[in-house]
Amino acid sequence: MLSHLRPAIVLIALSTALTGVAFPLLFTYAGNAILPFQAGGSLIVQNGRVIGSALIGQNFTSDRYFHGRPSALTGTDPKDPSKTVPTPYDASESGASNLAPTSKALLDRVAGDVKAYGGHDVPADAVTTSGSGLDPQISPETAALQVARVAKARHMAAADVQKIVDAHTEGRYFGLLGEPRVNVLELNLALDGSRVSVAKE
Amino acid sequence: MTWNGSAQIALVLTLVFVSAFPVGRYMAVVFEGRRTWLSPALAPVERGFYALAGVDPQRGMGWKEYAFALILINALHFLLLYAILRLQYYLPWNPQGIAGMSPRLAFNTGASFVTNTNWQAYSPESQISYGAQMLGLTVHNYLSAATGIAAGVAVVRAFAAGGLRTLGNFWADLTRCTLYLLLPIGTVAAILLLVSGVPETLAAYAQASPLDGGSQTIALGPVAFQEAIKELGTNGGGFFNANAAHPFENPTALSNVLENWLLLLIPFSLAIMLGHMVREPKQGRALFAVMAVLLTLGVFGAYAAEAGGNPLLAHAGVSPAMGNMEGKEVRFGVALSSLFNVSATGTSTGAVDSFTDSYLPLGGLVPMFLMQLGEATPGGVGSGLYTIVVFALLSVFVAGLMVGRTPEYLGKKVQAREIKLAMLAVLILTLFILCGASLSLSLPSGLSSLANAGPHGLSEMLYGWTSATENNGSAMAGLSADTPLLDYGLGAAMIFGRFAFMIPVLAIAGSLAAKPKLPPSAGTFPTTGALFVGLMIGVILILGGLQFMPADALGPLAEHFAMLAGKTY
C-alpha cells in the first residue's frame, strides 16, 4: 500500500502547480493585459483618484445624492474595540443581516425606514438590506421615490432629474433575465456631470 | 410569482437539462479511457502526469485499494491545507498581511474543503490571504471535485459488466477528470466571468474616496479562476464572505445564470454518463428524470414562497410586489435568487447569491429539505450519482418486496449485503445530523451561536448540522460557527459525512462488480420508465420525510405558522 504514497504526493504537487499557481497567475497577468478594467475590480478614477468601483455600492447620505439600499455591515468600534458599530458599504468585508422573517429587530428596522419613504407601499428593496451589504443598485421605483428630494437639494426640475434616472435605468437582459435596476454610483456621477475615466493598473 | 420570474427559472433549467446530454456522453468517453477531441493537446500532459507519479493507468484496483488510494491523497491534502492556513502569513501573495488561522478554525476549514463541503466558518476578506486562496482553496476545489467524480465513476463501473474484480484506477480517474473535464470547462467559464466583471488581481485592497465623503476600502483578489471551479465542482466556498451575493463574485444576472448552469451541469451529466457506461442510455435518463423532477419542484416551491413577500413587512407598509428582498440583491431579484439557492442545495454546492437565514420559513425549508433528502437531487459531483444509485437499489428492493420479484438493478442481483450497507450509509448520516443538532441546542455554548430567537433559532442549528454532514456547505449564516463546539463538531461531521457514506458505497460497488451481469428476464422489474421514476421519487421523499419531518416541524413549519399569526421574536 506504500506504493500509493508516490502518486498521492506527486498528484497533489502537480495539481497545486497547475490549478494553484500556473492558471491563477496566467489569468492575473493576461487579465490585467487584456481586460485591465474588469480584472482590476472595475475601479472608477476621477482626477487621478479612485472614487470607487462600478460594481460596489457606496454609502450616500446627503440629500443631493440618490441613496442605495440599507447595508447590514458592521465593524469594530474604533473608540471601543469591544463594541460593534454599523459600517455601511465597507467593502473590506461583506455580508447580510441574517435576520429571520419573524425577527423583531428586522420589523423594527423596517418600520423606521418605511416612514422615511412615505409610510405605505414602499418598494421592498428600499427598506431591506442586501445579501452582500454592497448592493450597487436600487430598483427604478426606489429611485423615483427619491427624485423630489434630490431635485430640491440641487435646485433642479424634478422632470430633469427623472430623465437622468431613466437614462441610467437598465432593463432585463434580452427582456427576460435579471431585474430592472439603477446603478446608484453611476447615477450620482451623472448628476455631478463628472468625467469618468477607466483605471489603469 | 410572475410569468417573467417563472420564465427565467424555466430557461436556466432547460439550458442545464439540454447540455447534460452531450456532456454526459463526453464524460463516458473520458472515463472509459477513450480518445476525446482534446486528446491531441492533453494526452501528452496526461502521460507526463503518469510518468512522474509512477502510475500504470491500465492497472485496475479492487474496491478496497481504490478507497485506500482515495483516502490517502485526501488525508495528505488535508494536512497540506491545514499547514497553508496556519502559515499563510509567511507564504507569498499576502498583500494585506493576514495572520495565520487558529488551529481549530484551520481544522474546520481543512475538513470543509477536503470533503467538498466548503462550509465557511471564517471571513475570507480578513482571514484568508490571496496565496492561501490560490495554493490551498482553489486546488482543493479541483481535487475534491475530482475525488467525488472518481468515486461516482467507480460505482458505475460495477454495473458495466459481470464478474469484475476491479473498479478502475483511481489515479487515472483523478487525472483524467481534472485534465479533460474540470480544467477545460473551468477555464472557459473563468474567462466569461472575467469579462463580466469578476476581478483577477494580486494587487492589495483598493483605497477609494467615495463621492459623498469618507473613505472606502475595497477587497479584491484572484477571484475569477476560483469562482469558476467553485461552481463547476459543486464546492461553493466563497472568495468573499457574502459568497455569490458579492458583486465581485457575481456581478450581473448573466454571470448568475452562468454560475447556476455550472453548478448543476456535472451532477446531471453524470446520470447521463451512467446510461452510456452501462450501455443502456434509458437507465441514465430515468435517474436524470428523478433528479430533475425533485429539483424543479423544489425551485418553484421556494420561488412561490419568496415571491409572496413577508406578510409582517407588508403590514408595516412594504409593497409585496418585489417579494421578500431581505438578504437578496436587486440585480437577481426573487426568481433568480430562489433558483440559485435551491440549485446550490439540491447539488452539494452550498454557494448562495442571497441569504437563506432571511428567507421566509417555507422558502428556507426547501433548501434544508433537499439536503436532508441525502443530496441526490442531483447532488454533488460524483457524490450525487452514487447517492442516487443507493436510492435506486433501495427502490428495487422496495418494489421487490411489494410484488415479490427478485430485486435486480442494471443486471446485478441486489442481495442482503448490499441493502444492509445501503441502509447503513443512509441512516448513519441522519443519526449524526439529528444528534449533533440536538446536542448543540442543549448546550449553552451551542445556544450562544444562534443569531435569531424562536423556532428560527432551531432551524439555524439544524440547517448547520445538515449542511455539514451532507457536505453541502450553505448556512443560515447568522449562526456564529467559529466556536470550539461548532468548529470541531461540524468539522468532524463533514469528514464523517463524506467518508462514512462513500466507503460503504464503494463496498457495495465492489460486491456488485463481482456478480454476473444477468440479461433482463420476464421477472425483472423495469428500472426505466415513469413507474420506476415515480417509485424512486416516493422512496426518496418518504425516507427523507420520515427521518426529518419531526425536526423540520419544530423549526421552519412552526415559524411559518407563527408568522401567519403575526408573532415575532
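**Hairpin, domains and overall form of chain A**

Me: In this predicted model, what do S1(A) and S2(A) form, and how many residues lie between them?
Reply: They form a hairpin, with two residues between the strands. A:Asn47 sits in the turn and has a positive phi of about 50°.

Me: How do you know that strand S1 and strand S2 of chain A pair?
Reply: Pairing needs at least two DSSP bridges. S1 (residues 43–46) and S2 (residues 49–53) have four bridges, so they count as paired. The sense is antiparallel. Within the pair, A:Ile44 stands opposite A:Gly52 of S2(A).

Me: What else makes up the secondary structure of chain A?
Reply: The chain has seven helices and eight strands. S1 and S2 are among those strands.

Me: Which domains does chain A have, and what separates their centres?
Reply: The assignment gives domain 1 (2–34) and domain 2 (54–198). Their centres, taken over C-alpha atoms, are 41 Å apart.

Me: How do you know how chain A stands against a compact globule?
Reply: Set the radius of gyration against the globule rule, 2.2 Å times the number of residues to the power 0.38. For 201 residues, a compact globule would come near 17 Å. Chain A has 22 Å, so the chain does not match that compact value. Its C-alpha atoms fill a box of roughly 75 × 45 × 45 Å along the principal axes.

Me: What makes a residue of chain A count as buried, and what percentage do?
Reply: The cut-off is 20 or more other C-beta atoms within 10 Å of its own. Of the 201 residues, 47% meet it, and therefore count as buried.

Conventions: Residues numbered from 1 in each chain as written. Chains lettered and ligands numbered in written order. Predicted model: local features only at pLDDT ≥ 70, side-chain atom pairs only at ≥ 80, totals over all residues. Domains from an automatic or database assignment. Buried ≥ 20, exposed ≤ 12 C-beta atoms within 10 Å, placed from the backbone.
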